[in-house]
Amino acid sequence: MGLAMSVAVSAHAGEPLPVQVRLTHVAPDTWRADYQFSQPVTSIRFKSVGELRKSAWKVLTPGVALAAGEAYDALSAADGKPLRQVSVEISAFEQDLGKQYLATDKLSDGGRLIYLGFLQGEGQQGKLLRDMAANFTLAGLGNETVLVPAKPATPVKDTTPYAYFGPQTPVAAGEAQVLLDPKLSAWAKETLLDITARMSAYYSTAYQQKLRQPLLLVAAVSDTSMPGLSIKGGVVGGQIVYRLGGAALLTADNPQKRAILAELVAHEMAHLWQNNVRHGGISEQSPPWIHEGGAEAMALDGLLRSGIWSAEQGKAFADATLAECEKLEHSFDTYRGIYACGFERFSKLKVDIVPLWRDMIATADSKGEAYSEAMINSLVARGDKAAP
Ligand SMILES: [Zn+2]
């Protein structure tokens, strides 16, 4: 046993391995994933995601076992024989995974979201590791709607989205398609739609580019019994998934709550433009403070220049964020430090954030370069970025 598991696999090589993945919604909180490989593999390796696979995945193929590890989880046959097909049952798993995407989420009307990225891995063939080129086929439960973002007309970076299974059909809001939880309060719904439309117009003009991928926006409501207001967002490709909760979501409208939601929307949408490249940009090599702190700075600029926030609101946000970074000792070591201190780093450059990020996006897109401090420094050093 030990021998087979300890084979050192050092390099990725070869073409991606074509894999058909059929994902069937078999019960409200259960899916079945059937993997069919174009060539046999000795094991299937996935990047670990907390306890996700250990707790929510059950192998259905006889003789195949899941080994959950620190860095990787792997599926392989107990007898070491090559595999062509593997089936796994996947249960809903809504634990907060920190920096990682939420694995699954639910809407109050029974709709479900599942992040397909966690179904992607690598196929191992002897010492060779090949990325999966997964082609997903989705099958719903009964006559529910099954949805993933439309295939973009222009080339985009490869991303794996969330899939939606549920009773709704998306509605058009400007150029975006939206799926909103019916439990969303009127003020939250209005704010989401209004800020999405206005920031979309602002970012398109300021960054001088339309999105390569049409936006699919999903907002789920959860945990409305908890005190306060809890809002989170995640961007995958042309998709934004919001999760809103807390008792304050359902209580009366107020400007403070609108401002918090507006900032989140502007932040998440900034990622859409940061990611609006064919390659490069946000990647595993790029330090997270760049895209998170950058999104905070782009959001503040956008909220001010589009007239959504007053100068006082903008100053209050900037002051609070800088104070938070100071409290965190100007370090990127904490989750909030990445945002607050990333924002501080951009503030300290004393440049207009719009031309800087416009050039960063263009550099990534044309050269395939990942966002880096060196890229920022060289663009700033060009000296044409001084704020008016
Ligand atoms: Zn972000």
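Which residues form a disulfide, and how far apart are their sulfur atoms? In this predicted model, the partners are C325 and C341, with their sulfur atoms 2.3 Å apart. A disulfide is a covalent bond between the sulfur atoms of two cysteines. A search of the whole structure turns up one disulfide, and this pair joins distant parts of the chain. C325 sits in helix 6 (residues 311-327), while C341 belongs to helix 7 (residues 335-348); the two cysteines are 16 residues apart. The disulfide is right-handed because the torsion about the S-S bond of C325 and C341 is about 115°.

Are these two cysteines buried or exposed? C325 is buried, as its relative accessible area is 0%. C341 also counts as buried, at 1% relative accessibility.

Attention now turns to the nonpolar cores. The largest of them has 63 residues, and Y203, Y207, W357 and Y371 are the residues with the most contacts inside it. Helix 4 (residues 255-274) supplies the largest share of this core, 10 residues. Because domain 2 (144-266) and domain 3 (277-388) both give residues to this core, the core lies between them.

Y207 offers a helpful view of the surroundings. Leaving aside residues up to four places away in sequence, Y207 touches W273, M298, D301, I353, V354, W357, R358 and I361. W357, one of these contacts, is itself among the core residues with the most contacts. Apart from this core lies another, of 45 residues, including F46, L83, A103 and V241.

Technical notes: Residues numbered from 1 in each chain as written. Predicted model: local features only at pLDDT ≥ 70, side-chain atom pairs only at ≥ 80, totals over all residues. Heavy atoms only, no water. Disulfide = S-S within 2.5 Å. Helix = DSSP H or I, 4+ residues; strand = E, 2+ residues; numbered from the N terminus. Buried < 20%, exposed > 50% of the residue type's maximum accessible area, 1.4 Å probe, protein only. Core = buried A, V, L, I, M, F, W, Y, C linked by side-chain atoms within 4.5 Å. Domains from an automatic or database assignment. Contact = heavy atoms within 4.5 Å.
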